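Subject: The structure you asked about

Hi,

Here is the structure for you to look through. Have it open while you read the rest of this email.

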Amino acid sequence: MDFESLKKSIAGVNAQLVAVSKTHPPEVIKNIYNKGQFDFGENKVQELLSKVDLLPADIRWHMIGHLQSNKVKQIIPFVHLIHSLDRLSLAKEIEKQAERRHQKISVLLQFKIADEGSKFGILPEETDSFADQFLSEDYQHITVKGVMGMATFTDDEEKVRGEFRKLNDIFHQLKEKYFQDQPDFSIKSYGMSGDYQWALEEGSNMVRIGSLIFGERNYE
Ligand SMILES: *Cc1c(COP(=O)(O)O)cnc(C)c1O
């Protein structure tokens, strides 16, 4: 599918597209930017830093990969949305670095919905205890905007849909119990190249798509 039709079909269901540009060089990213795409996702801090200065300043950079606390400081000045808040110690570090710069940082809570693959994320059964602990602290420089997750890498449609449904439920559970009066809590980030259509049908409103846009990745 060409980029324009992909973008149009995602906008058509009121979802946002994050173009996942990891492993791809700045020139290639610039091509997609020139087609009107402003949201890009990277999963490694070092790689993100190497690209930021070479690309237009109005790109919104999404940190979608596992984030080590000691690297938070480097991305705070420019990051648009951190998708991978998965532990309290990371929240503490984001708060500390954001306060230092008098900035507010937007984050998503990452949940582990797959039974294989990424080992990161808050366990669904720990949703309430995580939220209780998180909200017992006063994180004045963090805005929680929603949830993020990754389904199992499989072509078993029912399994993948079931995992997305679980994350959709977690979102609504959190919204009702903890974020009712916060309209900012509105993002459901799930769906990648292989499963984004199922994700959109299961309530996603932000998909993170890489290989479908940029082609297969070459890891060296
Ligand atoms: C790489 C990656 C994606 C995009 O994967 P594709 O299959 O290339 O679309 C989405 N989310 C995360 C967290 C990723 O690491």
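Below is what turned up, going from the whole chain to three single residues.

One thing to keep in mind: this is a predicted model.

**The whole chain**

The protein chain has nine helices and eight strands. Its radius of gyration is 17 Å, close to the 17 Å that the globule rule gives for 220 residues, so the chain is as compact as a globular protein of that length. If you draw a box along the principal axes, the C-alpha atoms fill roughly 45 × 45 × 35 Å.

How much of the chain is buried? Of the 220 residues, 51% count as buried. About 10900 Å² of the protein chain is exposed, and 46% of that comes from carbon and sulfur atoms.

Now look at who touches whom. Among contacts with a separation of 6 or more, 58% are between residues 24 or more positions apart. As for charges, the chain has 28 positive and 34 negative ones, and the mean positions of the two sets are 5 Å apart.

**Asp58**

Find the loop between α3 (45-52) and β3 (60-63), and you'll see Asp58 there. Its relative accessible area is 43%; partly exposed covers the range between 20% and 50%, so Asp58 counts as partly exposed.

Which residues does Asp58 touch, leaving aside its neighbours within four places in sequence? They are Tyr33 and Phe38. Tyr33 is worth zooming in on: its side chain and that of Asp58 are joined by a polar contact of 2.7 Å. The two residues are 25 apart along the chain, and their C-alpha atoms are separated by 9.9 Å.

**Gln110**

Next, go to strand β5 (residues 105-111), where Gln110 lies. Is Gln110 buried or exposed? With a relative accessible area of 4%, it is buried, because the cut-off for buried is under 20%. Not counting residues up to four places away in sequence, Gln110 touches a list of residues that includes His83, Ser84, Leu85 and Asp86, as well as Phe120, Met148 and Met150.

**Lys188**

Finally, Lys188 sits in strand β7 (residues 187-189). Lys188 has a relative accessible area of 10%, so this residue is buried too. Setting aside neighbours within four places in sequence, its contacts include Val147, Phe171, His172 and Met206. If you want a distance to try in your viewer, the C-alpha atoms of Lys188 and Gln133 are separated by 22 Å, with their positions 55 residues apart along the chain.

Have fun exploring!

Note on methods: Residues are numbered from 1 along each chain as its sequence is written. This is a predicted model: local features need pLDDT of at least 70, side-chain atom pairs count only at pLDDT 80 or more; totals for chains, interfaces and linings use all residues. Side-chain values use heavy atoms; hydrogens and water are left out. Helices (H or I, at least four residues) and strands (E, at least two) are DSSP runs, numbered from the N terminus. Buried means under 20% relative accessible area, exposed over 50%, partly exposed in between (1.4 Å probe, protein chains only). Contact means heavy atoms within 4.5 Å. A polar contact is a pair of N or O atoms within 3.5 Å; within protein, one must be able to donate a hydrogen and the other to accept it, and residues adjacent in sequence count only if both atoms are side-chain atoms. The radius of gyration is taken over C-alpha atoms; the globule rule is 2.2 Å times the number of residues to the power 0.38. Accessible areas come from the Shrake-Rupley method with a 1.4 Å probe; for residues, only the protein chains shown count as cover. Lys and Arg count as positive and Asp and Glu as negative; His and the chain ends are not counted. The place of a charge is taken as NZ of Lys, CZ of Arg, CG of Asp or CD of Glu.
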